[in-house]
Amino acid sequence: MILGIDTSNYTTSAAVLDGEALTQQKQLLEVRPGERGLRQSDALFQHTRNLPLLFDKLPPMDGVTAVGVSTRPRNVEGSYMPCFLAGVNAATAFAHAKGIPLVLTTHQQGHAAAALFAAKGEQLFAEKVLLFHISGGTTDLLLCDQVRRITTLGTSTDLYAGQAVGVRLGFGFPAGAEVSRLAAQCTEEIKPKSSVKGMQCSLSGLENQCNALLAAGKTPEYVCKYCLLCVADTVVKMTKAAQKEYPGLPVVCAGGVMSSDIIRAWVQKRLPQVYFVPGQYSSDNAIGVSILAAREAGLWLK
């Protein structure tokens, strides 16, 4: 049995991997109305409050033999957020008290592992994969090599995809679920306009377009659908650029924004063999952290 912990800037999550069975508990952090994120001190406090409550909801952990935890956003120099200290402190105390291995990983690697596992089980862990991670705080196209090495191929040069319209419409942040709900109610055909150069994209123009559409009297449903289709078109263009340089690699889409049915339908119509993973594996989670801890402890994917 492996315990995984992830305390990101949006969600407190803990997961237990027992053989092939996965159990997860998570709690979204509370963001004040009208804001697009949390101060790190607020996030750290909420994680500290949430973790014991989540542990109480997990199966009995007497049989845990290793603990994994995300320590920072990405495995690159300078990547740091204090919110991850809550998870690190809890995981370190647990591992030391039980005398079991402590496996350190990153939030990005956890996302990648969960997405690959959901897409095709063990198989993708032995391959190079093009991985999209698009959420309230990321818009990244990644080259993922066994989840041990992750290279950023492309990203947004300004705004993140999850920041374009939700807060403007009065939704709490992150707003992906509400934006998707409204967008599904729009039956109009829409031709999106995206700004992509090679594997880089710009999304500040999308925010301006959404504001202009609202000012022109377009319904929130229309604007939400327009926003999601622009993100989808961005994914298609960036993927095609990446496939020219890395032909034949599988493509996996993860992150809260990518759980949209509208995005999935648009992308899969234009790109064959693209994996979209279920929401519980796509949004912030500790599932991938527990999988990586199992691998590094020699208990899975040896």
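Two strands pair if DSSP finds at least two bridges between them. Strands (E, at least two residues) and helices (H or I, at least four) are DSSP runs, numbered from the N terminus. The model is predicted: local features need pLDDT of at least 70, side-chain atom pairs count only at pLDDT 80 or more, and totals for chains, interfaces and linings use all residues. Residues are numbered from 1 along each chain as its sequence is written, and side-chain values use heavy atoms, with hydrogens and water left out.

**Exercise 1. The sheet**

Determine the strand order of the open sheet and state which strands stand at its edges.

*Solution.* Step 1: the sheet is open and has 5 strands, in the order β3-β2-β1-β4-β5, with mixed pairing. Step 2: β3 (21–28) and β5 (102–105) are the edge strands; each has a single partner strand, so one side of each lacks a neighbour in the sheet. Step 3: from one strand to the next the twist averages 15°; angles run from 0 to 180 degrees between N-to-C directions, and axes are lines fitted to C-alpha atoms, for helices over the stretch in contact. Step 4: β2 (residues 11–18) and β3 run antiparallel and are joined by 8 bridges. Leucine 17 has leucine 22 in β3 as its bridge partner. Step 5: α1 packs on this sheet and touches β1 (2–7), β2 and β3, with a direction at about 30° to that of β2. Contact here means heavy atoms within 4.5 Å.

**Exercise 2. Two packed helices**

Describe the packing of α1 against α2.

*Solution.* Step 1: two packed helices are described by the angle between their axes and the distance between the axes. Step 2: for α1 (residues 40–57) and α2 (residues 84–98), the axes come within 8 Å and cross at roughly 35°. Step 3: Leu44, His47, Thr48 and Leu51 of α1 make the contact with Leu85, Ala86, Gly87 and Ala90 of α2. Step 4: these contact residues comprise 5 nonpolar, 3 polar and no charged. In this classification Ala, Val, Leu, Ile, Met, Phe, Trp, Tyr, Cys and Pro are nonpolar, Asp, Glu, Lys and Arg are charged, and the others, Gly among them, are polar.

**Exercise 3. The cysteines**

How many disulfides does a search of the whole structure find?

*Solution.* Step 1: the criterion is a pair of cysteine sulfur atoms within 2.5 Å. Step 2: the search finds 0 disulfides. Step 3: for cysteine 227, the nearest cysteine sulfur is that of cysteine 210, 4.4 Å away. Step 4: cysteine 230 is likewise in no disulfide, and its nearest cysteine sulfur, also that of cysteine 210, is 6.7 Å away. Step 5: cysteine 227 is buried, at 3% relative accessibility, and cysteine 230 is buried at 2%. Buried means under 20% relative accessible area, exposed over 50%, and partly exposed in between (1.4 Å probe, protein chains only).

**Exercise 4. Positive phi in a loop**

Are glutamine 146 and valine 147 buried or partly exposed?

*Solution.* Step 1: glutamine 146 lies in the loop between β7 (139–145) and β8 (149–155), and valine 147 is found in the loop between β7 and β8. Step 2: phi is positive in both non-glycine residues, near 60° for glutamine 146 and near 65° for valine 147. Step 3: glutamine 146 is partly exposed, at 32% relative accessible area, whereas valine 147 is buried at 0%.
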